[in-house]
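Thank you all for coming. I would like to walk you through one structure this morning, beginning with a single residue and working outwards from there.

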Amino acid sequence: MLSPDCVKRFAVGGKMLTINEKIIPDGARAAKDVASWCKKGQPMKPCRKMLIKGVTVHNTGDLANVDDDAEQYTRATLNGNMGGVVVHYYVDDRAIWQNLREDEQGWHAADGFGPGNTTTIAIECIMSGRGDAADRAAEENAARLAAYLLQKYSLGIDRLYTHNHWMGQPDRIVPGVRKNCPIYILPHWESFRARVAELMGGSRTPYLVRLRDAEILDATGKGAGAKISGVYTITEEKDGRGRLKSGAGWVDLKQGERV
C-alpha cells in the first residue's frame with residue numbers, strides 16, 4: 001500500500017470528495033532514462049509554476065486485476081515508469097490521487113510548452129471502456145473533481161478541455177489519427193461537460209469574455225460571416241457557444257478568453 005502524505009476532503013454536489021496527496025518531490029531525479037525530455041539525473045517533473053487557466057480531462061486504461069488503479073499509477077509515476085507523463089490527478093472508481101501541486105506544470109497535453117501543459121490542471125480518469133459500474137463511478141469522480149477545480153479557481157465550464165483540444169482535434173473521436181483522448185469520454189463529451197456544469201451549480205453566467213475576430217453565430221451555430229473583437233458579456237451557454245448580451249447572437253467560446 002502507498003501511504004499518502006496528506007488526505008483532503010471536500011464536498012462537491014452534496015457528496016464528499018477525498019484526495020490522497022502524494023506530490024512528486026521538487027528534488028526528485030530520474031534514476032534512468034524515462035523519456036526524451038527526462039533523462040537519467042534530470043528532474044522528474046517540469047518544476048515550473050503556472051497560472052491556472054483550465055482543466056484538461058484524459059483517459060488512461062484500467063489495470064487488469066487491480067482495484068486501486070489510481071494508487072498504482074501514482075506508484076508507477078514515482079518510480080519513473082510512466083514514460084515521462086506527469087499529471088496532477090489520477091482518478092478511478094474508488095479514489096483520487098494527486099501527484100503535482102495544482103499550480104505547477106505537468107507533462108500531459110502533447111503540446112510541449114503550449115497552453116495545455118503550461119496552464120491547465122490534468123485529470124487522468126482510469127476506465128476500461130466497458131461502460132460498467134466501475135467506469136461510470138470513475139467518470140463521476142472525475143466530473144466531481146473537475147467541478148471542484150473549476151469552482152476553486154473561478155473558471156467557467158468553457159475552461160474544461162479534452163486532450164484532443166490541445167492536439168488540434170475536435171472534442172470527438174477522429175478516425176485515423178494517432179491518438180484520441182479522453183477515448184472513453186469523447187463519444188459523450190457534451191453530456192460529461194453538462195454533468196460538470198450541473199455539479200458546479202450551472203454555468204455561472206453572466207461573465208465577460210475578450211473576443212478576437214469571433215464570428216457571430218445564430219442559435220444553431222451557423223455563422224453569417226460577421227466578426228467582432230473586444231470585451232463582451234455572455235449571458236447564456238449552450239454546446240460550447242455563448243449568447244451575447246448585446247443581442248447580436250452567439251459566439252464560439254473557444255474564440256475568446258474569459259476576463
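Let me start with Cys-47, which counts as partly exposed at 38% relative accessibility, where buried means under 20% relative accessible area, exposed means over 50%, and partly exposed lies in between, with a 1.4 Å probe and protein chains only. Before going further, I should say that this is a predicted model, in which local features need pLDDT of at least 70, side-chain atom pairs count only at pLDDT 80 or more, and totals for chains, interfaces and linings use all residues. Residues are numbered from 1 along each chain as its sequence is written, and side-chain values use heavy atoms, with hydrogens and water left out.

Cys-47 sits in the loop between strand 2 (15-21) and strand 3, helices here being DSSP runs of H or I with at least four residues and strands runs of E with at least two, numbered from the N terminus. Although Cys-47 is not a glycine, its phi is positive, at about 60°. Asn-65 likewise has a positive phi of about 60° without being a glycine; this residue belongs to the loop between strand 3 and helix 1, and at 86% relative accessibility Asn-65 counts as exposed.

That loop brings us to helix 1. Seven of the 10 residues of helix 1 (residues 69-78) are buried, so this helix is largely enclosed by the rest of the structure. Among the buried residues are Asp-69, Glu-71 and Tyr-73, and the buried residues of helix 1 pack against strand 3 (54-61), strand 4 (89-91), strand 5 (96-98) and strand 6, contact meaning heavy atoms within 4.5 Å. After helix 1 comes Gly-80, with a positive phi near 75°.

Further along, in the loop between strand 5 and helix 2 (115-119), we find Phe-113. Is Phe-113 buried or exposed? Its relative accessible area is 56%, so Phe-113 is exposed, and yet Phe-113 touches Arg-48, Trp-107 and Thr-118, leaving aside residues up to four places away in sequence.

Turning to helix 3, the loop that leads from strand 6 (120-127) to this helix holds Asp-132, which is partly exposed with a relative accessible area of 25%. The side chain of Asp-132 reaches the backbone nitrogen of Asp-135 at 3.0 Å. Within helix 3 itself lies Asn-141, a buried residue with a relative accessible area of 11%; not counting residues up to four places away in sequence, Asn-141 touches Lys-15, Leu-17, Val-91, Asp-92, Asp-93, Arg-94 and Ile-96.

How, then, is helix 3 placed against helix 5, and at what angle do they pack? Helix 3 (residues 133-152) and helix 5 (residues 189-200) pack at an angle of about 55°, with their axes 8 Å apart, and are therefore oblique to each other; angles under 35 degrees count as roughly parallel, over 145 as roughly antiparallel, 65 to 115 as roughly perpendicular, and the rest as oblique. The residues making this contact include Ala-143, Ala-147 and Leu-150 of helix 3, with Phe-192, Val-196 and Leu-199 among those of helix 5. By class, the contact of helix 3 with helix 5 has nine nonpolar, one polar and four charged residues.

I will finish with the loop between helix 4 (163-166) and helix 5, where Pro-182 is placed. Cys-181 and Pro-182 are joined by a cis peptide bond, with omega about 5°.

Definitions and conventions. Axes fitted to C-alpha atoms, helices over the stretch in contact; angles between N-to-C directions. Nonpolar A, V, L, I, M, F, W, Y, C, P; charged D, E, K, R; others polar. Polar contact = N/O pair within 3.5 Å; in protein donor to acceptor, adjacent residues only side chain to side chain.
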